[in-house]
Amino acid sequence: MRGILNDWILGLLVAEGIPLLALVYYLEHRRRMYLLEKGCVPVETPERRAERRLCNGLFLMLSGAFVLSMPALAGIFGIEMRPALEQVLAGFLITSAGLSLILGTILLQRARMPLRRPENYESHSIQDMGKGVLWK
């Protein structure tokens, strides 16, 4: 019974996940084609790409967390289920892919931000050292 239930859960995730992903790509394609028909050239801004990457990372992370928590959720409903090795590996793989997208997005956004000095810092050249106040 345990193997059948685990296979059913993974099959359900694949059977629902792949069509949902196909629908998202189809809608994105339709949006681009509509813009091209209207004479607009769709330009992918870095902010838009970062937003999409962040949403994909959140989706993957939550999907992986759901796969990992499936035995506990089944226990709530009175179904005895033990996680199989394949289920645990798939859950960790999906969760880590989502986390890597989220962390990558955060790191890329920080790399694009200009370094700022504190507002109370005055910049002085080496010749001016000792003539002014560094901190107000």
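**Figure 1. The whole chain: three helices and zero strands.** Read along the sequence, the pattern is α-α-α. Helices and strands here are DSSP runs, numbered from the N terminus, with at least four residues of H or I for a helix and at least two of E for a strand. This is a predicted model, where local features need pLDDT of at least 70, side-chain atom pairs count only at pLDDT 80 or more, and totals for chains, interfaces and linings use all residues. Residues are numbered from 1 along each chain as its sequence is written, and side-chain values use heavy atoms, with hydrogens and water left out.

**Figure 2. How sure is the predictor, and where is confidence lowest and highest among the helices?** The score to know is pLDDT, the predictor's confidence in each residue, from 0 to 100. Its mean over the chain is 77, and 76% of the residues reach 70 or more. Helix H1 has the lowest confidence, with a mean of 78, while H3 has the highest, at 88. Over residues 132–136 the pLDDT drops below 50, yet in the model this stretch has twelve contacts beyond near neighbours in sequence. A contact means heavy atoms within 4.5 Å.

**Figure 3. Inside and outside: what share of the chain is buried?** Of the 136 residues in the chain, 15% are buried. Buried means under 20% relative accessible area, exposed means over 50%, and partly exposed is in between (1.4 Å probe, protein chains only). The areas come from the Shrake-Rupley method with a 1.4 Å probe, and for residues only the protein chains shown count as cover. The chain exposes about 11000 Å², and carbon and sulfur atoms supply 67% of that. As for who touches whom, take the contacts between residues at least 6 apart in sequence: 62% of them join residues at least 24 apart.

**Figure 4. Glu28 and its partners: a network of salt bridges.** A salt bridge is a side-chain nitrogen of Lys or Arg within 4 Å of a carboxyl oxygen of Asp or Glu. The structure holds three of these bridges, and the network links Glu28, Arg31, Arg32 and Arg48. Start with Glu28 and Arg31, whose closest N and O atoms are 2.8 Å apart. These two sit three residues apart in helix H1, so about one helical turn separates them. Next comes Arg32, with its closest N and O atoms to Glu28 3.7 Å apart. Glu28 and Arg32 are both in helix H1 as well, four residues apart, about one turn of the helix. Arg31 is partly exposed at 33% relative accessible area, and Arg32 is also partly exposed, at 33%.

**Figure 5. Arg48 and Glu28: which helices does this salt bridge join?** Arg48 bridges to Glu28, with the closest N and O atoms 3.3 Å apart. Arg48 lies in helix H2 and Glu28 in helix H1, so the pair ties together parts that are 20 residues apart in sequence. Arg48 is partly exposed, with a relative accessible area of 30%.

**Figure 6. A nonpolar patch on the surface.** Leu13, Phe66, Leu73, Ile76, Phe77 and Ile79 make up this patch of about 590 Å². To join a patch, a residue needs over 30% relative accessible area and no salt bridge; like charges are joined within 9 Å, and nonpolar side chains (Val, Leu, Ile, Met, Phe, Trp, Tyr) within 5 Å. Which helix gives the largest share? That's H2, with three residues. Leu13 comes from helix H1 (residues 2–37) and is partly exposed, at 32% relative accessibility.

**Figure 7. Two cysteines and zero disulfides: a look at Cys40 and Cys55.** A disulfide is a pair of cysteine sulfur atoms within 2.5 Å, and the structure holds zero of them. Cys40 is partly exposed, with a relative accessible area of 39%. Cys55 counts as partly exposed too, at 47%. You'll find Cys55 in helix H2 (residues 46–76).

**Figure 8. Across the sequence: Cys55 with Gly98, and Ser100 with Leu54.** Cys55 and Gly98 are 43 residues apart along the chain, and their C-alpha atoms are separated by 9.2 Å. For Ser100 and Leu54, 46 residues apart along the chain, the C-alpha separation is 9.9 Å. Ser100 belongs to helix H3 (residues 85–112). Is Ser100 buried or partly exposed? With a relative accessible area of 47%, Ser100 is partly exposed.
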